[in-house]
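Here are some notes for a first reading, set out as numbered points. Please keep the structure open beside them and look up each residue as it is named.

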2 protein chains.
Amino acid sequence: MKILIVGGVAGGASTAARLRRNSEKDEIILFEKGAHISFANCGLPYYIGNVITNKEALLLQTPKSFQDRFRVDVRVNSEVVSVNCEKKTVCVKNHDTGETYIQDYDKLVLSPGAAPIVPEMKGMAFNHVFTLRNIPDAYAIRDYVEHTRPKSCAIIGGGFIGLEMAENLQRSGVEVSVIEAASHVMAPIDNDMAHDLHNYMRAKGMKLYLNSRALAVTENSVVLEKGIEVAADMILMSIGITPETGFLKDSGIALGQRGEIIVNDYMETSVKDVYALGDAVSVRHIVSGKQMLIPLAAPANKQGRIVADNICGQKQKYRGSQGTSILKLFEMSIAATGEKEASLMSSGIPYKKVFTYSLSHAGYYPGGRMMSIKLLFSPDEGKILGAQIVGYEGVDKRIDTFANALRFGLTVYDLQEMELAYAPPFSSAKDPVNMAGYVAGNVLDGKMKPFYIEDLSSIQEEAVLLDVRTDKEFEGGHIHGAVNIPLDSLRSRLKEIDKNKKVYIICQIGLRGYIAQRILDQNGYETLNLSGGYRLYRAAEMDEKDEAEFYRNCLHCGKIIE
Amino acid sequence: MKILIVGGVAGGASTAARLRRNSEKDEIILFEKGAHISFANCGLPYYIGNVITNKEALLLQTPKSFQDRFRVDVRVNSEVVSVNCEKKTVCVKNHDTGETYIQDYDKLVLSPGAAPIVPEMKGMAFNHVFTLRNIPDAYAIRDYVEHTRPKSCAIIGGGFIGLEMAENLQRSGVEVSVIEAASHVMAPIDNDMAHDLHNYMRAKGMKLYLNSRALAVTENSVVLEKGIEVAADMILMSIGITPETGFLKDSGIALGQRGEIIVNDYMETSVKDVYALGDAVSVRHIVSGKQMLIPLAAPANKQGRIVADNICGQKQKYRGSQGTSILKLFEMSIAATGEKEASLMSSGIPYKKVFTYSLSHAGYYPGGRMMSIKLLFSPDEGKILGAQIVGYEGVDKRIDTFANALRFGLTVYDLQEMELAYAPPFSSAKDPVNMAGYVAGNVLDGKMKPFYIEDLSSIQEEAVLLDVRTDKEFEGGHIHGAVNIPLDSLRSRLKEIDKNKKVYIICQIGLRGYIAQRILDQNGYETLNLSGGYRLYRAAEMDEKDEAEFYRNCLHCGKIIE
């Protein structure tokens, strides 16, 4: 059997290796448009920032090493320019020789990936405008930074590549501005979870332009709407990627509206004997059931294995993606899995939500850092629909737990029951995941009745806003109109609260507020407790007011984690 | 309703707090024999090692703070000396006044914990012999270390407390010897997984006495069998703990053979209105179904919540423990969940096993460390039965994933499918958990046919021992009798291998051996591949030969992680 593979990075290389392990007999030819296969595309920003110091480290396999190990005919600089599904051939252009030739196949695997989107905008042709997808891009950017020594860089688009590049350019001594068209950077998280990230970025010295569209690039700036001009000796375009499927236009293989390849659960395209995978295909989101582009490295690798097994006669299903992802930004980690609130809302999927704050490990053991968790779950059974975490140490561990809970249909009650590894340097006897489960369970059971920051503006004037933190905390800052009765004196001061008024309880992170709620409810009050507490409110306020200096001081003195 | 709670640490304090949140009306009295409640017992070794510098940090709650917040009548230095279940009373001895009094109850909660076992052995009365359970013990040990400046300490018993103390005493400048009666320290893992730990401990300068029983303690030594004498100015007894249930002897409450309190799934004892939890009760192991003592902090906290809810009229089930645990030893982490191989064997539970080695994060991103994983699963469906990990960064994350897979009945195929958060600083596109799932799946599917180190001694002489590593690796050390054909030249050198002989394949960690196996099998050979590879073999050899110096060099040059 002759198997052709188009694309030699994550998806294509995985498929080829598994194909060969499955069968010594098949002929396997791998076409890669560029000069490199199986390179570390996720490592490129770190090469630019000199975290990865060695150029060779980016090349996980060379054509020769791959050929030696897997007996795959690797053809680099070889672009498949068209596919003829009836004749079962592809047309290949060899960029080294300029020649074009036809190659026949029994099975065809498409893993062409996706290319950075470059909008039609004035100035895109300047040679200080970059995109980052492959090794030559990375070399070009690093060379530019080293030789031209730009003072400033504007990064247009605050997604994964944009923010990883923001860190690495800043590390290289370049002043970074991030320009983002949406209200917040990092699309996988909701706006309320992005406040800490925005504050952190500003505290780290970056400039943030949110709700901002770039109109043009000049020799030393980016021009935004309303005449705002952002100084920039260098520009990185990272507004998104688009499936690189132009060569399939006349192939008869079904493509979606954005050019994505349509596949079924077996990663088969609409045409017999043609499979597709990776960043160019749309997959089913396991929460919404929608077909969509979820371009991530881990799913691509898994799909490679499934494609290879199916070509060899098995019937392996790809059960869909959930968008589990994580970003490191200096010390901070930002992670998500499943659907965010905004997506659930727009899909009309019912949900409930809780915000919790937990230390990464036992408070008495040094070095613990606070992480904020947003958990989304179904209002009936409490099935996990999504989770977002922003914090430092141990964020990666907890998002994996939520990801598995989501994938395997677990509920918030299951989160409570999880027996996770505890020792003081690693966690607490009640892990942050257990805690989120407890709080969510309390909400489902009606023991904890939450309200949210977005409800603050519609609270009736006759209601009581009750802050149960200590005097000192209250004096340090509070929500306008709140009265202060510290939790530990609440029982003795009940008379001060009017029973005929609805009580909106506020504490620092929602925990003491819950205890106050239990006390008040059992004494005949009608109460709601602010999920996320003053901590979340204050993060939003600092973000809105751009209090970078204040946040920076908080980070230094550890105050922000209280 | 009047609720009495015996024991004010993890289980008792959790129960009291949840009881109060459930109901403002009940009278709750908490008796604690010692002077402190809700203290950080897991932090005590780190206070002794001055990692936790502040004495107060160990006290999570004081009687006053707990009373203020939860309106619980906290009585410290108050020992419950007997229980009368017919009259529904307990007898309490107040150690401050010497008085004894009777207290009646509607509901009784027993959370007395467990005490260190001190064997009857000569020298136990010396004042340089210590155990570690509570705050006064920790103060005494730290005082002794600071004021007496012992040169050496013998730790008898290499469990969690023993090894945490080994690290912390060594950190305080004391030379540490660990004496262990079993063949390896850390009972939750199997012997084959303990080699790296033993090698690491020796490389860190500790002395290890395995298969060694202490017979007596002298003024400056511990005497072992065969006349071996271990120098020790200080001795820590940490051979295990025993339920502290003497006060229940005549209560009619059913106890097990080791004095453990027998409870049902609702944490109810054999006597109506009496509940028990924590280190003093036996619980069901979710793998074997056996009732056993599994004294861990996290389950105790969870049980506290369940007990409180059940007292308040709910019917919450405790679904059993699985022994998820982790130990930090300097930079190393040792973690386990579920049953180990030795326990599966003695319980007669059928299983299969694989060993895998994976980097904690992408190899091209600096700082990744190798972790070794042992995965145990059912031979039919591939259900997870247990997992053990020894490594550095990221061990805690992966053991949690395995723990959840086990608890929620997942299989090795589910491990393959998990969509975990990947970015180069956190993981690889195929996470170590995915990899373990792939290898285990290959074994179940018959694609990978493993053999194990313990099989080496029974391999027939006419078989071929084939090492497929590079020439250089082979020259650096190999298993006696092996011939070397590097993987990448295997296809062209097939003629050198006799087809009539069984081929036992060896590589470094089992990965190249698997590819070699696929090549050979498809060419008509009968093969087996060494699970864990030369890496595991060599760790065992270094452990046996006590090659501390070699291992220390390996650690320094990073060689050990290849």
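1. A sheet in chain A. This is a predicted model, and a convenient place to begin is an open sheet of three strands in chain A, whose order is 18-20-21 and whose pairing is mixed. Strand 18 (261-262) and strand 21 (291-293) of chain A are the edge strands, each with a single partner, so one side of each has no neighbour in the sheet. Strand 20 (residues 281-284) of chain A is joined to strand 21 of chain A by three bridges in the antiparallel sense, and across from A:Gln291 in strand 21 of chain A one finds A:Arg284.

2. The domains of chain A. The chain is divided into domain 1 (2-41 + 51-113 + 243-311), domain 2 (129-239), domain 3 (331-444) and domain 4 (453-530), and the student should note that domain 1 is written as three separate stretches of residues. Between the C-alpha centres of domain 1 and domain 2 of chain A there are 31 Å, and the contact between these two domains involves 13 residues of domain 1 and eight residues of domain 2.

3. The two copies. How is chain B laid on chain A? A turn of 180 degrees, with a shift of 0.0 Å along the axis, brings chain B onto chain A with an RMSD of 0.0 Å, and the two copies are thus related as by a two-fold rotation axis. In chain B, the C-alpha nearest this axis belongs to B:Lys397, at 2.4 Å from it. The copies meet through the same surface, because 100% of the interface residues of chain B are also interface residues in chain A.

4. Aromatic pairs. Over all chains, a search of the whole structure finds 16 aromatic pairs, and among them is the pair of A:Tyr365 and B:Tyr46, which is edge-to-face because the planes stand at 90 degrees, with the ring centres 5.0 Å apart. This pair crosses between chains, since A:Tyr365 belongs to the loop between strand 24 (352-359) and strand 25 (370-377) of chain A, while B:Tyr46 belongs to helix 2 (residues 44-48) of chain B; both residues are buried. A further pair, that of A:Phe451 and A:Tyr504, has its ring centres 4.9 Å apart and its planes at 85 degrees, so this pair is edge-to-face too. With A:Phe451 in strand 27 (residues 450-451) of chain A and A:Tyr504 in strand 30 (residues 503-506) of chain A, the pair ties together parts 53 residues apart in sequence, and both A:Phe451 and A:Tyr504 are buried.

5. Charges over rings. In chain A, A:Lys204 lies over the face of A:Phe330, at 4.8 Å from the ring centre. In chain B, the ring of B:Tyr534 has the charged end of B:Arg469 over it, 4.3 Å from its centre.

6. Positive phi in chain B. Most residues other than glycine have a negative phi, and two residues of chain B should be read with that in mind. For B:Asn77, phi is near 50 degrees, which is a positive value, and this residue is found in the loop between strand 3 (73-75) and strand 4 (78-84) of chain B. For B:Lys226, phi is near 60 degrees, again positive, and this residue lies in the loop between strand 14 (221-224) and strand 15 (229-231) of chain B. Which of them is buried and which exposed? B:Asn77 is buried, with a relative accessible area of 18%, whereas B:Lys226 is exposed, with a relative accessible area of 83%.

Note on methods. Residues are numbered from 1 along each chain as its sequence is written. Chains are lettered from A and ligands numbered from 1 in the order in which they are written. This is a predicted model: local features need pLDDT of at least 70, side-chain atom pairs count only at pLDDT 80 or more; totals for chains, interfaces and linings use all residues. Side-chain values use heavy atoms; hydrogens and water are left out. Copies are superposed by least squares on the C-alpha atoms of residues with pLDDT of at least 70 in both. Contact means heavy atoms within 4.5 Å. Rings of Phe, Tyr and Trp (its six-membered ring) pair if their centres lie within 6.5 Å; planes under 30 degrees apart count as stacked, over 60 as edge-to-face and the rest as tilted. Helices (H or I, at least four residues) and strands (E, at least two) are DSSP runs, numbered from the N terminus. Buried means under 20% relative accessible area, exposed over 50%, partly exposed in between (1.4 Å probe, protein chains only). A charge sits over a ring if NZ of Lys or CZ of Arg is within 6 Å of the ring centre and within 35 degrees of the ring normal. Two strands pair if DSSP finds at least two bridges between them. Domain bounds come from an automatic or database domain assignment.
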